[in-house]
Amino acid sequence: IFGITPSSVRKMMPGRYLFNLLALKEIVNSAGEQGIKVLLYIVPLRDDVKVPYDLDQYGKFKSEIQLLAQKNGAKFVNLEHLVPAEVWGTKPSTTLGRDQEMDFMHFQAGGHKLLANALYGELKVLWSEETNNDF
């Protein structure tokens, strides 16, 4: 009815974004006060087609997360280009008369394996820096 598809650009909702960012800051701050190492990462994003985000707003978001990590001694890693197009999923269409459509939020098992291995590697580094022992 509204012509919205998985590729429709989603604008940031400023109030909700600020609320979520403040909550994340509190979590990172609390972890730091307790001596807990934090890993902040940008999740994989399907990039073989036009992404459904306002690119300026998305870039600002990534920069703010990176700055938050830097200010609080957290580890930051951008994994948005980690998962290749062929392991992204599809989902039932929300448009009448269509069977499947692109899914920008979920990938298949191969993508999960890539993400798990990348996060394991980052956590292993954090662990060894903290304990001087291997993971």
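Modeller: Before we start, helices are DSSP runs of H or I with at least four residues, strands are runs of E with at least two, and both are numbered from the N terminus. What we have here is a predicted model, where local features need pLDDT of at least 70 and side-chain atom pairs count only at pLDDT 80 or more, while totals for chains, interfaces and linings use all residues. Residues are numbered from 1 along each chain as its sequence is written, and side-chain values use heavy atoms, with hydrogens and water left out.

Colleague: Fine. In what order do the elements of the protein chain run?

Modeller: From the N terminus they go α-β-α-β-β-β-α, giving three helices and four strands.

Colleague: How do I read one helix, and which residues of α1 are buried?

Modeller: An α-helix has 3.6 residues a turn, so residues three or four places apart point the same way. In α1, the buried ones (under 20% relative accessible area with a 1.4 Å probe, protein chains only; exposed is over 50%, partly exposed in between) are Y17, L21, V28 and A31. They sit on the same side of α1, because their arc around the axis, taken from the directions to the C-beta atoms, is only 85 degrees. The face turned away from that side carries exposed G15, R16, F19, E26 and E33. Just after α1, G35 has a positive phi of about 75 degrees.

Colleague: What do the buried residues of α1 pack against?

Modeller: They pack against β1 and α2, with contact meaning heavy atoms within 4.5 Å.

Colleague: And which residues have the most contacts inside the largest nonpolar core?

Modeller: In soluble globular proteins, nonpolar side chains tend to be buried together. Here the largest core (buried Ala, Val, Leu, Ile, Met, Phe, Trp, Tyr and Cys joined through side-chain atoms within 4.5 Å) has 15 residues, and V28, V38, L40, I42, I65, A69 and F76 have the most contacts inside it. At least two residues each come from α1 (14-33), β1 (39-42) and α2 (55-71). Apart from this core lies another, of eleven residues, including V77, L79, W88 and L126. Leaving out residues up to four places away in sequence, V38 touches V28, A31, A74, K75 and L126.

Colleague: Last one: which residues lie nearest the centre of the largest pocket?

Modeller: Rolling a probe the size of a water molecule over the atoms shows where empty space is left. A pocket is an open set of points on a 1 Å grid over the protein atoms alone where a 1.4 Å probe fits, with protein on both sides within 12 Å along at least five of seven lines; lining residues have an atom within 4 Å of a point. Of the 27 residues lining the largest one, Y17, V43, Y53, Y58 and F61 are nearest its centre. α1, β1, α2 and β4 (100-107) each supply at least two lining residues, and α1 gives the most, with five.
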